[in-house]
Amino acid sequence: MGNTSTQDIKLLVLDIDGTIAGVSNKISNRVIEAVQAVQAKGIQVAIATGRMYCSALHYHAQIGSNLPLITYQGAWIQDPVSQKIHQHLSVNKEIALKLLDYFEQPELRQLLSVHFYINDKLYVRELTEETKIYGQRSGITPIPVGDLRSCLDNEPTKILALCQDTEVIDKLLDNLRLQYTPAELYLTKSVATFFEATNPLVNKGAAVRYIAEELLGLQKTNVMTVGDNFNDVEMLEYAGIGVAMGNAPSKVQAIANWVAPDVEQDGAAAAIEKFLLQSS
């Protein structure tokens, strides 16, 4: 936490899944009340998620944020009121094709559900069980196209591979990190079963820095972030106060300034209460 005083915080940035929304896929009343209480104190609140823009809008509205919405790990930043797109960084088409070739190797093809996100729509080869569950949770309808190469007229905002076997995802991440440098692709996991690839300039830390410094004229000491997974690491490291959830992997907890209770125990609310709502 360094020199950050809780009095300095002017911006609170929250992840969605595993942070403000747990198994129920909803934000609890306690979290909403905590968010409203900090907004009443003049602290701005933003959302930073790996979700699609259309899938995150509902949460953005629920917490009453008036800041641009950070989606796709920061690849797509848009203001829902003015509709202004502040940033849209996509994956190079040639790299997208190479990733697809990799995913479609015989030993992987049957194990993975591959998702291409293009123009805020989700394209898939076929509707697997994992994809159906993902679609239901996200509130979106995946579009099956057979060969994903057919929809690459536009570059994807994000590429995701799902597998229920977390070892397959870990191996995928390790192998592709050997093949692509951080200057070529940003690779991460948002949950243990999701491998995600975006433009190399993309991560939640860079997106939060943009909102804080470019839009609001703040410094990182004025920022508190709350997240629960590897795709949150950069924003936890950036912030003056970085809080990991109790359900976060131990490596994510290790880089945080504080570890909140589990999402099912309203850990995000506990963090807000501890740092931002104690009588100052």
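**Exercise 1. Work out the strand order of the open sheet and find its edges.**

Solution. Start with the order: five strands make up an open sheet, arranged β2-β1-β12-β13-β14, with parallel pairing. Two strands count as paired if DSSP finds at least two bridges between them, and strands (E, at least two residues) and helices (H or I, at least four) are DSSP runs numbered from the N terminus. Next, look for strands that pair on one side only: these are the edge strands, β2 (44-47) and β14 (258-259). Now zoom in on β1 (residues 11-14), which runs parallel to β2 and is joined to it by four bridges. Within this pair, Val13 stands opposite Ala46 of β2.

Before going on, a word on the model: it is predicted, so local features need pLDDT of at least 70 and side-chain atom pairs count only at pLDDT 80 or more, while totals for chains, interfaces and linings use all residues. Residues are numbered from 1 along each chain as its sequence is written, and side-chain values use heavy atoms, leaving out hydrogens and water.

**Exercise 2. Classify the ring pairs that Trp76 makes with Tyr53 and with Tyr72.**

Solution. First, the rule: rings of Phe, Tyr and Trp (its six-membered ring) pair if their centres lie within 6.5 Å; planes under 30 degrees apart are stacked, over 60 edge-to-face, and the rest tilted. This rule gives eight aromatic pairs. For Tyr53 and Trp76, the ring centres are 6.2 Å apart and the planes meet at 20°, so this pair is stacked. Tyr53 belongs to helix α2 (residues 53-62) and Trp76 to strand β4 (residues 76-78), so the pair ties together parts 23 residues apart in sequence. For Tyr72 and Trp76, the centres are 5.8 Å apart with planes at 35°, so this pair is tilted.

Then check burial, where buried means under 20% relative accessible area, exposed over 50%, and partly exposed in between (1.4 Å probe, protein chains only). Trp76, at 8% relative accessibility, counts as buried, and Tyr72 is buried at 0%. Tyr53 is buried as well. Finally, step back: Tyr53, Tyr72 and Trp76 are among the members of one aromatic cluster, together with Tyr117, Tyr134 and Phe194.

**Exercise 3. Find which lysines place their charged ends over the rings of Tyr117 and Phe275.**

Solution. The test asks for NZ of Lys or CZ of Arg within 6 Å of the ring centre and within 35 degrees of the ring normal. Over Tyr117 sits the charged end of Lys158, 4.9 Å from the ring centre. Over Phe275 it is Lys274, at 5.4 Å from the centre.

**Exercise 4. Describe how domain 1 and domain 2 meet.**

Solution. Begin with the bounds, which come from an automatic or database domain assignment: domain 1 spans 6-88 + 202-277, and domain 2 spans 93-198. Their centres, taken over C-alpha atoms, are separated by 25 Å. The contact (heavy atoms within 4.5 Å) takes 22 residues from domain 1 and 17 residues from domain 2. Now the buried area, meaning the accessible area (1.4 Å probe) that two parts lose on being put together, summed over both: it is about 1,700 Å², 52% of it on carbon and sulfur atoms. On the domain 1 side, Met52, Tyr72 and Gln73 supply 30% of the area buried against domain 2, more than any other three residues.

**Exercise 5. Locate Tyr72 and Asp266, and inspect their backbones.**

Solution. Tyr72 lies in the loop between β3 (69-71) and β4; its phi is positive, about 50°, although Tyr72 is not a glycine. Asp266 sits in the loop between β14 and α10 (267-276). Asp266 also has a positive phi without being a glycine, about 55°, and is buried with a relative accessible area of 19%.
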